[in-house]
Amino acid sequence: MRRAVYTFAGVLRQRGPLWPAGLALRAARCMLGGIPRGLVVEPCEACTGGCRGCVTPPRPAILEPKTLEAWIAARKAPPATIHFAGRHSDPLASPLLAELVAVARAHASMVSVSTIGLDMDGATARLPVDRWIVSLPAATRETWRAVKGTDRFGEAVEAVRMISASRSGAVIEVVLTKWAGSAGDGPAFAELAAREGWRNTTIVHTLHDPSGSAYSDPAVLALGEPDCPYGLDASGRVALTRPRAGCPQAGYLCIDARGTLRPCPFSGADVPLIPEPSRGAWREARGWRAAKSSRSFPNCRICP
Ligand code: SF4
């Protein structure tokens, strides 16, 4: 709730007093059209991280802006929000991110980007984005190295400075995502935030995604932390410690870097997918609502 209020106030400051009306109108049109109000869009399958053990596709797909346009044009109503995020990838690795943001800005009332922050440059920091979420896997150079096997902590901190210095007015949220190697980084993160003047911070745990990469190994999760949503079940497999109800992405659908519509960014290849944009595709996707809210897809089992 705190995150939503901070974001709302920040975007209101940036976009002006008429912005909430436009947002509400778009959300209402989506509701009347029976389509989710938000889109999560994966700009590319490539990543900037170069983390130890991570395997990315040899020829990563890059989402074309015209594909995003086509999906939006096929809807009964444009989305209220568009959020660019990776799925074992990072938006900043797309050479077309600026064009994708322009498409999103033209059609949605709020545009946000989640990134690890690496390879940020001045032009990217100045993009007309309403909200940046910079997700750090560790709060010190040493723990970054332990988690990611690289020495790029300083670059990520510098990325947040670049967004601030751009004076674009975007809301900036810095998130510490805890892994086993950065499980004790809470106090260091608080110190870092105070030093850097970050007012909007959050701590979460990394998502356990067995369909993803080597990072799905239970050994990389901060399983001993009291706020970790995961533990080991009787057979030694990672499982949510408390059953979750509903779907955290109930109001969103995802378009991946191949231009495929999927129920959410965390779903694997074992869910229904729609490869081509059309009015019928959005109608068909309505049928996913029940499976999402009852957590019937395979990855819903471990979705925090
Ligand atoms: S994995 Fe399931 S519960 Fe989680 S966001 Fe996706 S559809 Fe919703």
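Author: Helices (H or I, at least four residues) and strands (E, at least two) are DSSP runs, numbered from the N terminus. Residues are numbered from 1 along each chain as its sequence is written. The model is predicted: local features need pLDDT of at least 70, side-chain atom pairs count only at pLDDT 80 or more, and totals for chains, interfaces and linings use all residues.

Reader: Where is Ser267 found?
Author: Two elements frame Ser267: strand E10 (261–262) and helix H9 (279–286). Ser267 sits in the loop between E10 and H9.

Reader: Is Ser267 buried or exposed?
Author: A count of C-beta atoms, placed from the backbone, decides this: 20 or more others within 10 Å means buried, 12 or fewer exposed, and anything in between partly exposed. Ser267 has 25 C-beta neighbours inside 10 Å, so it counts as buried.

Reader: Which residues does Ser267 touch, not counting those up to four places away in sequence?
Author: Two residues are in contact if their C-beta atoms, placed from the backbone, lie within 7 Å. By that rule Ser267 touches Arg262, Phe297 and Asn299.

Reader: How many helices and strands does the protein chain have?
Author: Both kinds of element are present in the protein chain. The count is ten helices and ten strands.

Reader: What is the radius of gyration of the protein chain?
Author: This radius is taken over C-alpha atoms, and the globule rule is 2.2 Å times the number of residues to the power 0.38. The C-alpha trace spans about 50 × 50 × 40 Å along its principal axes. With 304 residues, a compact globule would be near 19 Å, and the chain agrees because its own value is 19 Å.

Reader: What share of contacts between residues at least 6 apart in sequence joins residues at least 24 apart?
Author: Set the contacts beside the burial: buried residues make up 40% of the 304 residues. For the contacts, the share joining residues at least 24 apart is 70%.

Reader: Which helix gives the most to the largest nonpolar core?
Author: A nonpolar core is a set of buried Ala, Val, Leu, Ile, Met, Phe, Trp, Tyr and Cys residues joined through C-beta atoms within 7 Å. The largest has 70 residues, and Val41, Leu68, Leu100, Val134 and Ala156 have the most contacts inside it. Six residues of this core come from one helix, the top contributor: H7 (residues 153–165).

Reader: Why is Val134 counted as buried?
Author: Val134 lies in strand E4 (residues 131–136). Leaving aside neighbours within four places in sequence, its contacts include Thr115, Ala156 and Val174. Val134 is buried because the other C-beta atoms within 10 Å number 21.

Reader: Which residues does Leu68 touch, beyond those up to four places away in sequence?
Author: Leu68 is among the residues with the most contacts inside the largest core. Its partners are Val41, Leu63, Leu100, Val103 and Ile255.

Reader: How far apart are the C-alpha atoms of Leu253 and Ala165?
Author: Leu253 lies in strand E9 (residues 252–255). With 26 C-beta neighbours inside 10 Å, Leu253 counts as buried. Leu253 and Ala165 are 88 residues apart along the chain, and their C-alpha atoms are separated by 33 Å.

Reader: What separates the C-alpha atoms of His208 and Val220?
Author: His208 is in the loop between strand E6 (201–205) and strand E7 (230–232). His208 counts as buried, with 26 C-beta neighbours inside 10 Å. Val220 is twelve residues away along the chain, and the C-alpha distance is 9.2 Å.

Reader: Which residues come nearest the ligand?
Author: A residue is near a molecule or strand if its C-beta atom, placed from the backbone, lies within 6 Å of it. Of the 13 residues around the ligand, those that come nearest are Cys247, Gln249, Cys264, Cys300 and Cys303.

Reader: How far apart are the end C-alpha atoms of helix H1?
Author: The expected span of a helix is 1.5 Å times one less than its number of residues. H1 (residues 2–15) has 14 residues, so it should span 20 Å. The model agrees, with its end C-alpha atoms apart by 20 Å.

Reader: Is Arg167 buried or exposed?
Author: Most residues other than glycine have a negative phi. Arg167 has a positive phi near 55°, and its place is the loop between H7 and strand E5 (171–178). With 9 other C-beta atoms within 10 Å, Arg167 is exposed.

Reader: What is the phi of Arg295?
Author: Arg295 is in the segment after helix H10 (288–293). Arg295 is partly exposed, with 15 other C-beta atoms within 10 Å. Its phi is positive, near 55°.
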